[in-house]
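Dear colleague,

I am passing on the structure below, and I would be grateful if you could look it over alongside the notes that follow.

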Amino acid sequence: MKKLFTAAAIKTLLLTTSMVAISSTAIAANTSALLDTAVTDTLLVTAKYVTPISVGLDTTTIDFGDVWSDSVISTEAVVATITGEVGETFTYSVTGSSIVLLTGDVSGSTVAFTDTTTKALNFNVGLNVSGATTGTTVSETITISVNYDAIADTTVTRASST
Amino acid sequence: MSKVVFILLFFSVFLAAEEGVFYINGEAVKKISLALTTNAIDFGDVYNDSEVESVLTEFWVNAEAGYDYTVEISNDDDTGVLEVSRSSILGYTQSSITYIDTATGAEQRHEFYVDLNTAIMSGDMSATITVMVAYNDIHE
């Protein structure tokens with residue numbers, strides 16, 4: 001009995017007890033994420049802003065005055081300035097009725113805004129007076145139409161796992 | 001000898017302690033999960049007032065049946081161009097969308113729409129939409 005309760009034996013017992021207690025505390029510790037922790041996921045949204053294409057004319061009206069059949073009239077030069085996004089291309093057309101004679105830059109496609117945001121189109125407006133008759137007044141509208149060739153559409157990237 | 005007597009008395013306190021009973025209760029609750037089916041949306045080339053179609057985006061949530069959870073859809077766009085809605089035609093907002101749902105224990109599908117308010121665009125846009133889900137009431 002005396003040998004059983006020696007100082008060395010008691011120290012060993014206390015030390016062992018302490019180690020067991022410390023170990024059990026460590027085992028009980030919960031290091032996992034809390035259940036009420038928020039879970040998140042993200043997606044990226046992008047868009048490229050493009051300058052709206054526009055057209056400006058240096059001429060608003062042309063009045064050829066008095067004309068008669070087969071009279072000789074000079075054509076009038078008109079400059080259309082197209083404004084758009086560098087790197088984009090556009091298609092254009094200049095149209096009027098058959099009595100209007102158009103020459104020069106009256107149609108084209110894939111015209112590029114290479115390194116500038118503007119492009120000048122030069123065309124001439126004349127009249128086909130061969131069919132003009134007395135007392136007839138000509139009033140026609142010339143239309144310049146421009147549009148981008150390739151505006152990128154929406155693309156969606158799906159997650160690979162779904 | 002006195003040390004031995006002391007130690008015996010010390011341990012006798014524990015030996016003499018009365019037994020007690022207490023209970024540990026806990027409920028196994030699965031960790032809430034979230035999966036977006038879309039990584040990125042590129043609206044391509046846009047300009048003022050150009051028409052873009054809204055994009056349907058869906059995500060799946062799996063949580064413990066019977067437990068409520070909150071869903072928040074937010075974004076970091078500070079220009080006000082990016083808009084989201086839970087409906088394809090109504091309710092678009094630049095702000096966050098928050099709502100509560102109850103879990104079924106199975107995968108639950110959620111959806112929202114992403115659109116652009118092109119009327120106020122003046123430059124390129126890049127923004128991140130964040131979807132967050134969290135249990136409402138996990139007992140401590």
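**Contacts between the chains, and one sheet**

In this predicted model, 46 residues of chain B are in contact with 30 residues of chain A, contact being counted when the C-beta atoms of two residues, placed from the backbone, lie within 7 Å. Residues are numbered from 1 along each chain as its sequence is written, and chains are lettered from A and ligands numbered from 1 in the order in which they are written. Local features need pLDDT of at least 70 and side-chain atom pairs count only at pLDDT 80 or more, whereas totals for chains, interfaces and linings use all residues.

On the side of chain B that touches chain A, β8(B) gives the largest share, 11 residues; strands here are DSSP runs (E, at least two residues), numbered from the N terminus. That side divides into 28 nonpolar, 12 polar and 6 charged residues, where Ala, Val, Leu, Ile, Met, Phe, Trp, Tyr, Cys and Pro count as nonpolar, Asp, Glu, Lys and Arg as charged, and the others, Gly among them, as polar.

Strand β9 (residues 155-158) of chain A runs antiparallel to β2(B) and is joined to it by 4 bridges, pairing requiring at least two bridges found by DSSP; Thr157(A) stands opposite Ala40(B) there.

Within chain A, an open sheet of 3 strands has the order β6-β4-β8, with antiparallel pairing. Because β6 (107-112) and β8 (143-148) of chain A stand at the edges with a single partner strand each, one side of each is left without a neighbour in the sheet. Strand β4 (residues 89-95) of chain A pairs with β8(A) over 6 bridges, and Val94(A) stands opposite Ile144(A) in β8(A).

With best wishes
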